[in-house]
Amino acid sequence: MTALDTPQTEAPATPSTETVVAVRGLTKIFNDFWGRPKAKAVDNVDFEVRRGEVFGLLGPNGSGKSTTIKMLLGLLYPTKGHIEVFGHSPRHVKTKARLGYLPEESYLYRYLNSRETLEFFGNLFELAPNDRRNRAEQLLEMVGLNQVRSRTVGEFSKGMQRRIGLAQALINDPDLVILDEPTSGLDPIGCREVKDLILTLARRGKTIILSSHLLADVEDVCDRVVIYYGGRIHAQGTLNELLSERDTVRITSPALPRETMQKVLATIRADVAADKVTVDNPTQNLESYFLGVVAKARASEEHTSGAISGSQVAAYLRTGAEGQSSADKLLERFTAPAAQSEAPAHAVVAIAAPQEQANLKKLDSLAHAAPAAAPAAPKVAVAGAGKSVEAKADEKLSSLLGKK
Amino acid sequence: MNTYEIYQHPLRGSAAVKRGFSWPGFFFNWLWALVKRVWIAAVVLTIVAAVIGYLLSELHQSNLAFVVAVKLLFCAIVGFRANAWLAASIEARGYAFRGLVPARTPAEALAKVATVGNNRPDEWNQSPPPIWFTLVPRSAQQVVAVAGLAYRAAWRFKLIPVLTVLMLTIVVGLPLVVKTDGSARGLTQIVITYSLGLVTLVLGMATLWLACGTLARDVEECQMQVVAVKPVPRWQIWAGKWVGIMMLNALLLGLAGVAVFALIQVRASNLPPAQQKILRDELLVARGSAREAKIELDKDVEAILREKTQGQDLTGVDLNAMRKELKEMLKADFQIVPAAYRRRWVLDTGMPAAALQGRPLHIRVKFNSSRLSGSPQPYQTAWEVGPAESNTRQRILRTLTTDTFHEIAIESRQLSPDGKLIVDYINANDIPMVMVPENCMELLYREGGFGLNLCRGLLIIFFWLGLLAALGLAAASALSFPVAAFVALTMLTICLASGTIATVVSEGSLMGGNVARIAGDINLLDQIFLPILAGLLRIVNLVLDFSPIDALSTGRSVTWGQVGLAFTQIWLLVGGVASAIGITLFTRRELATAQSQQ
């Protein structure tokens, strides 16, 4: 029995070992009109994505992420190498019934309204009429477009187009969801909702492949990532493996009296050089602050002609994933290296190790390989004022790999 | 229990619109739109209702069934669409959709909403009214979805309204602009030949353009990437596009057909009585045709050749040239009617005379004189029709012009019991007359009415449009939109130039027959292109072997046999090959490009 024959309805607690996508020696060369090689977009790439995993593809423009995605979807054909999706070729028609795809731009029909768009794609999945309409209604509620259902997609803002694009990708309750820049163009509320949705889907045992330039988003949801450059994979692994700075310690506590602080610092400085120790107050996350403001405005029922914040995840997508909230999942993941952050939050003291950690070396080596126009590898900062490890890595990646 | 869509306005409160069929819309159409303040629909419906009212007043005696059918169709369309128009109009006035409410009346729906406020039960929204039946079987669901897309696009991009106005302008406006001679033939010439011909041309061009655009642009603008990753075989995407275009064509061609039929009926009532009779008996009918059995000359040619060459040395003699000359000589015997001579035709209708009793019969004749003339000249003609030995034969004396088709009414009693008619032409002039066997004599008899004949004629035109759609899609399967459009238009031009190709093939040279003969041999270009052109001509002839517009304008039958043959030749053979090529190209094509890579 192949993976295709076993639709995924049970929710595994952790990613299973069942391979959903297998890529071996994948190479794509684009030729010119005369058949001469013009560009090698993907060069001998290998990776596997397992069931229930949120898998991130990272890389600068032209690094081969989208070409890889399009080969996974059967829209481009490999020059060399082998791809299996649920044990079949990506061009296998029946396999596509288990896929959901959100492209990097709104490639939807601009003359259809949002309900017609979902009805159309529901028809392509041969959904029964009642099922199709139920799902369309639920998805429109979920992505917050219920009130503008009769406006055509061409009249939508970019964010609204992303929302309807996401809805069409989920109309078939897919087992593998491929999202190309899912949060691009979305407001912070939309971003949060998409990330929550991704985590919900992952809890249901769905597999998600995510390509994004917004590294903070990738960090929030991905279990494993690959980093592309020049068509090749330069780094691959879990976020924990790639990002944690095991030789840096952060202590957080409620605000302390000045004398106590001085004593603590003195004790620390006895072992660590003074310029390696930073003290500051944690700031509130801007995303949380923004969401709070909008929640207040919504409570006062101010009118908007655009998309409204979506309601809860569509019922048919929630089945089997009710037990654990997204916050729980996030917490679980961030607290996995338990020893590092047990202190209650408020004031933060971060101490950096004298030598750079292994994964930052990797990034530096990437930077050396980058073209001259790219900014030079930043000097690895000591624990930055108010910056989390994630934010620091985000900044570093952005400057190394370039922003989209 | 009905389902109502609830809309809310920030200042004006709530409104409820029923989902589904609207009986008030069905019965009161334009009045309903006025009362509901759906202004655009009100204007359009008023105009359409006025046109139908005019038709009713003009045709209620002659074609009541037709007018009633049109009226019912109109009411049904309004009934099905009315609530959607109302919902769109309400939204355009600033109302926002709030959800669905099950209720018996709009008032009950609004009362329910007022009662629950913002705490609408989830099931109201999440359980839209169940669909108990669907016209689309599951096996065709994907094709129909893609087809519906092309159809919707045509509405949203205003293609259908624009083409509809264009069609009606051609059908209604052209006869008003072009001057007629006030005869029935002049009327049919303009309303059918010109109008329907022009409609076919416009629809053909639109079909080709649309077929290229709908597929090529979907690929270029990347929508196809989202469609092709769904579990739809690519051939079904291709077929869906074709079906969508043909749905449009069916709608527009049907509309043009109804307009032609209505217009000709209305205009006929203004003709003088004699011309009305001609119209009814000769033009607005489906007439069958009987011709003389084909004359086989090959056996006679061989017999004469054997006789002439017996015992002779034939070394170096071009026997084929001799055969050709002999055949022309024998043909001339049948074509030339010397002065004071008679030529006889036996025309077999293939049905017993009793079946044709009382029906109008006509012989359709055409002749030329042996005297060279640049324009048609009048000559005295004498005709005798009826059983050879009968003394009740119908004798007709007419002055007719050369090189023109003429129809002469025949008494149906002149038919023999087995449905054969004997016609004699007596040349009373002092010069020989020329009767070309292919078109000099034909017996026309009524087989059916004009309405069904028009439908059959439109079906053949529909097959042509289907082929053009397949050609356009085939080109767009591999090429970008402008290139595909150029290729498809070139193919259309080649089809229209089939006469030139036929001349080249019959002359055996691209440079003209004389040049080839003088040169005495076939040059390289001819060797390459003549077989290609001959093959192309055979394919084009498969398509252009039918002339429904000509048949309709001359009151001839477009038979079901012809429709079946057209279906086989145009759709199954030529269209099938074009589709197979297009689908193969589209299936093998990469639908993402290097440009969109990151």
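A nonpolar core is here a set of buried Ala, Val, Leu, Ile, Met, Phe, Trp, Tyr and Cys residues joined through C-beta atoms within 7 Å, where buried means that 20 or more other C-beta atoms lie within 10 Å of a residue's own, with C-beta atoms placed from the backbone. The model is predicted, so that local features need pLDDT of at least 70 and side-chain atom pairs count only at pLDDT 80 or more, while totals for chains, interfaces and linings use all residues. Residues are numbered from 1 along each chain as its sequence is written, and chains are lettered from A in the order in which they are written.

Begin with the largest nonpolar core, which has 174 residues, and select A:L139, A:I178, A:I208, A:L210, B:C212 and B:V260, the members that touch the most others. Next colour helix α14 of chain B, residues 450-476, which gives the most to this core with 18 residues; helices (H or I, at least four residues) and strands (E, at least two) are DSSP runs, numbered from the N terminus. Because domain 1 (1-132) and domain 2 (139-286 + 452-590) of chain B both give residues to this core, it lies between them; these bounds come from an automatic or database domain assignment.

Now centre on A:I208, which, leaving aside its neighbours within four places in sequence, is in contact with A:V54, A:F55, A:V177, A:L179, A:I198, A:L201 and A:A202, contact meaning that the C-beta atoms, placed from the backbone, lie within 7 Å.

Turn then to where the two chains meet, a contact that takes 39 residues from chain B and 46 residues from chain A. On the side of chain B that touches chain A, α3 (64-92), β3 (96-103), α5 (122-126), α6 (141-156) and α9 (223-228) of chain B each supply at least two residues, and α6(B) gives the most, with 7 residues.

For the sheet, select β1, β2 and β4 of chain A, an open sheet of 3 strands in the order β2-β1-β4 with antiparallel pairing, two strands being paired if DSSP finds at least two bridges between them. The edge strands are β2 (37-50) and β4 (80-85) of chain A, each of which pairs on one side only. Strand β1 of chain A (residues 19-31) and β4(A) pair in the antiparallel sense over 5 bridges, and the bridge partner of A:A22 in β4(A) is A:E84. Finally, show helix α1 of chain A (residues 65-72), which packs on the sheet and touches β1, β2 and β4 of chain A.

Notes: Buried ≥ 20, exposed ≤ 12 C-beta atoms within 10 Å, placed from the backbone. Axes fitted to C-alpha atoms, helices over the stretch in contact; angles between N-to-C directions.
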